[in-house]
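Biologist: I'd like to go through this one slowly and ask how you justify the words you use. Can we put it up on the screen?

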Amino acid sequence: MRTLSGVGSGGEGGGVEQPTLLVLGPLAVAGPDGPVALRDGRPKRLLAVLVLRRGAVVADDVLIDVLWPDRPPSDARNSLQVLVSYLRRQLDAVPGLAVERAHDGYRLAVADPGAVDVARFTAAVQVVPGQPDGLPYADLVRALDRKSTR
């Protein structure tokens, strides 16, 4: 597993100064005091869905389908609330991250979008320095592929 102790380090104890959400690989979260412990399974699956849709409301029904794809429990909404409560308790130690109730679902509020590795990656591949209008991702991949075959 990737270590989070060096990500954004500089504070006491080798933790991170801002929240860090890593989803490109094993899901990991870190705050000022270092990595946040999350149970495997549904809690991480819930966080992954919310991270990938950060800022957008994910409906209860969608979350239930993702968390229990084969057979949701008879009390699925209550079970979802229990998972959200657990996730909120774990993320309490991470300033700038919050699971919020909105309309008929939940959303992950991320104060700094740069804290999410997939957001940094997406931003990096959308614009290439030195190109006046940026370079679309597909063109970048083709350019890198041509360069590697030379």
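**Reading a predicted model**

Modeller: Helix 1 and helix 2 make a right-handed crossing. Keep in mind that this is a predicted model.

Biologist: Which residues make that contact?

Modeller: Helix 1 brings Arg42, Arg45, Leu46, Val49 and Leu50, and helix 2 brings Leu63, Val66 and Leu67.

Biologist: What makes helix 1 and helix 2 oblique to each other?

Modeller: Their axes come within 10 Å and cross at roughly 135°. Roughly antiparallel needs an angle over 145, and roughly perpendicular runs from 65 to 115. The angle fits neither label, so helix 1 and helix 2 are oblique to each other.

Biologist: And how do helix 1 and helix 3 cross?

Modeller: Those axes also come within 10 Å, but the angle is roughly 80°. The range from 65 to 115 counts as roughly perpendicular, so helix 1 is roughly perpendicular to helix 3. On the helix 1 side you'll find Arg42, Pro43, Leu46, Leu47 and Leu50, which meet Leu80, Leu83, Val84, Tyr86, Leu87 and Leu91 of helix 3.

Biologist: Let's zoom out. What elements does the chain have?

Modeller: There are five helices and six strands. Starting at the N terminus, the order is β-β-β-α-β-α-α-β-β-α-α. Of the 150 residues, 37% are buried.

Biologist: What makes a group of residues a nonpolar core?

Modeller: The members have to be buried residues of certain kinds, Val, Leu and Tyr among them, joined through side-chain atoms within 4.5 Å. Here the largest such core has 32 residues, and Val29, Leu46, Leu47, Leu50 and Leu108 touch the most other members. At least two core residues each come from helix 1 (42–52), helix 2 (60–67), helix 3 (76–91), strand 5 (97–102), strand 6 (105–110) and helix 4 (117–126). Helix 3 gives the largest share, seven residues.

Biologist: Why might nonpolar side chains end up together?

Modeller: In soluble globular proteins, they tend to be buried together.

Biologist: Pick one core residue. What does leucine 50 touch?

Modeller: Leaving out residues up to four places away in sequence, leucine 50 touches Val58, Leu63, Leu87, Val99, Tyr106, Arg107 and Leu108.

Biologist: Is aspartate 60 buried or exposed, and how do you know?

Modeller: Its relative accessibility is 9%. Buried means under 20%, so aspartate 60 counts as buried. This residue sits in helix 2, and among its contacts beyond four places in sequence are Arg77, Arg101 and Tyr106.

Biologist: Now aspartate 33: buried or exposed?

Modeller: For aspartate 33 the value is 75% relative accessibility. Exposed means over 50%, so aspartate 33 counts as exposed. You'll find aspartate 33 in the loop between strand 2 (28–31) and strand 3 (34–35). Its C-alpha atom is 9.8 Å from that of proline 19, a residue 14 places away along the chain.

Biologist: What makes histidine 103 worth a look?

Modeller: Histidine 103 isn't a glycine, yet its phi is positive, about 55°. Most residues other than glycine have a negative phi. Histidine 103 belongs to the loop between strand 5 and strand 6.

Biologist: And why is histidine 103 called exposed?

Modeller: The cut-off for exposed is over 50%. Histidine 103 has 75% relative accessibility, so the label exposed applies.

Notes:
Residues numbered from 1 in each chain as written. Predicted model: local features only at pLDDT ≥ 70, side-chain atom pairs only at ≥ 80, totals over all residues. Heavy atoms only, no water. Helix = DSSP H or I, 4+ residues; strand = E, 2+ residues; numbered from the N terminus. Buried < 20%, exposed > 50% of the residue type's maximum accessible area, 1.4 Å probe, protein only. Contact = heavy atoms within 4.5 Å. Axes fitted to C-alpha atoms, helices over the stretch in contact; angles between N-to-C directions. Parallel < 35°, antiparallel > 145°, perpendicular 65-115°, else oblique. Left-handed = near helix turned anticlockwise from the far one by under 90°.
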